[in-house]
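Subject: Structure for you, with notes on pockets and a sheet

Hi there,

Here is the structure I promised to pass on. Please have a look at it first, and then read my notes below.

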Amino acid sequence: MRRQVIKATLDMSLKEVANLLFKHRISGVPVVNEKDEVVGEVTEKELIKAAVPNYSRMVDNVRAHLEVDPFETLIQQEDKITARDLMASKFVTRSEETPVVELAALMLLNNVRRVEIVKDNKLIGIVVRSDIVGKIIRG
């Protein structure tokens, strides 16, 4: 478990969250409230969805739907959109006593890359897929 967790707060802007992901080379961050309780998660997927909200209708004919560049539109609003607006409410938390094999199974079952570790509802750590892979390599 990693105890130094990169996290976002509800009022952080899209730009700030995107910069966190880029700077720390991570694919997502838990979003916490003022009590340091996990209330959501922003991943690369949510950032892309913010730029292309109607993606399921665009698949068959992208050119017909692109009157303006959706990424340019998003960039123009990046300081107004907050983590609260972006965050996914589907996330997985467990306690620090949870066995690694259970954490791995939860990641697979829920199709998530990370499990936030909480104690008394407060974020105290995170386990990511590469932690599980490291455990496999080290035995």
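The notes below go through the pockets, one serine, a sheet and a few backbone angles. Please keep in mind that this is a predicted model.

Let me start with the pockets, as I expect you will too. The largest pocket holds about 380 Å³ of space. It is lined by 15 residues, and those closest to its centre are Thr43, Lys45, Glu46, Asn111 and Val112. Two elements, β3 (38–43) and α2 (44–51), give two or more residues each to this lining. The largest share comes from α2, with four residues. As for chemistry, the lining of the largest pocket has nine charged residues, four polar ones and two nonpolar ones.

The second largest pocket has a volume of about 300 Å³. Its lining counts 16 residues, with Arg2, Ile26, Ser27, Gly28 and Val128 nearest the centre. Here β2, β6 (122–128) and α8 (129–138) each supply at least two lining residues, and β2 provides the largest share, three residues. By class, the lining of the second largest pocket divides into seven nonpolar, five charged and four polar residues.

One residue from that list deserves a paragraph of its own. Where does serine 27 sit in the chain? Serine 27 is in the loop between α1 (14–24) and β2 (28–32). Is it buried or exposed? Serine 27 counts as buried because its relative accessibility is 19%, and the cut-off for buried is under 20%. Its side chain makes a polar contact of 2.6 Å with the side chain of arginine 114. Apart from neighbours within four places in sequence, serine 27 is in contact with Leu21, Thr43, Glu44, Arg113 and Arg114. Thr43 is also among the residues closest to the centre of the largest pocket, while serine 27 is among those nearest the centre of the second largest.

Arginine 114 leads on to the sheet. Three strands form an open sheet in the order β4-β5-β6, with mixed pairing. Its edge strands are β4 (93–94) and β6, each of which pairs on one side only. β4 and β5 (residues 114–119) run parallel and are joined by two bridges; arginine 94 has isoleucine 117 in β5 as its bridge partner. β5 and β6, on the other hand, run antiparallel and are joined by six bridges. One of the pairs to look at is arginine 114 with its bridge partner in β6, valine 128. Valine 128 is also one of the residues nearest the centre of the second largest pocket.

Why is β6 largely enclosed by the rest of the structure? Six of its seven residues are buried, so the strand is largely enclosed even though it is an edge strand of the sheet.

Finally, some backbone angles to check in your viewer. The hairpin of β5 and β6 has two residues between the strands, and aspartate 120 there takes a positive phi near 55 degrees. Asparagine 121, in the loop between β5 and β6, has a positive phi too, near 70 degrees. Asparagine 121 counts as exposed because its relative accessibility is 54%. Elsewhere, aspartate 36 has a positive phi of about 65 degrees without being a glycine, and its place is the loop between β2 and β3.

Best wishes,
A colleague

Definitions and conventions: Residues are numbered from 1 along each chain as its sequence is written. This is a predicted model: local features need pLDDT of at least 70, side-chain atom pairs count only at pLDDT 80 or more; totals for chains, interfaces and linings use all residues. Side-chain values use heavy atoms; hydrogens and water are left out. Buried means under 20% relative accessible area, exposed over 50%, partly exposed in between (1.4 Å probe, protein chains only). A polar contact is a pair of N or O atoms within 3.5 Å; within protein, one must be able to donate a hydrogen and the other to accept it, and residues adjacent in sequence count only if both atoms are side-chain atoms. Contact means heavy atoms within 4.5 Å. On a 1 Å grid over the protein atoms alone, a cavity is a set of points where a 1.4 Å probe fits but cannot get out, and a pocket is an open set with protein on both sides within 12 Å along at least five of seven lines; lining residues have an atom within 4 Å of a point. Grid points are joined across faces, edges and corners, and a volume is the space filled by probe spheres set on the points. Ala, Val, Leu, Ile, Met, Phe, Trp, Tyr, Cys and Pro count as nonpolar, Asp, Glu, Lys and Arg as charged, and the others, Gly among them, as polar. Two strands pair if DSSP finds at least two bridges between them.
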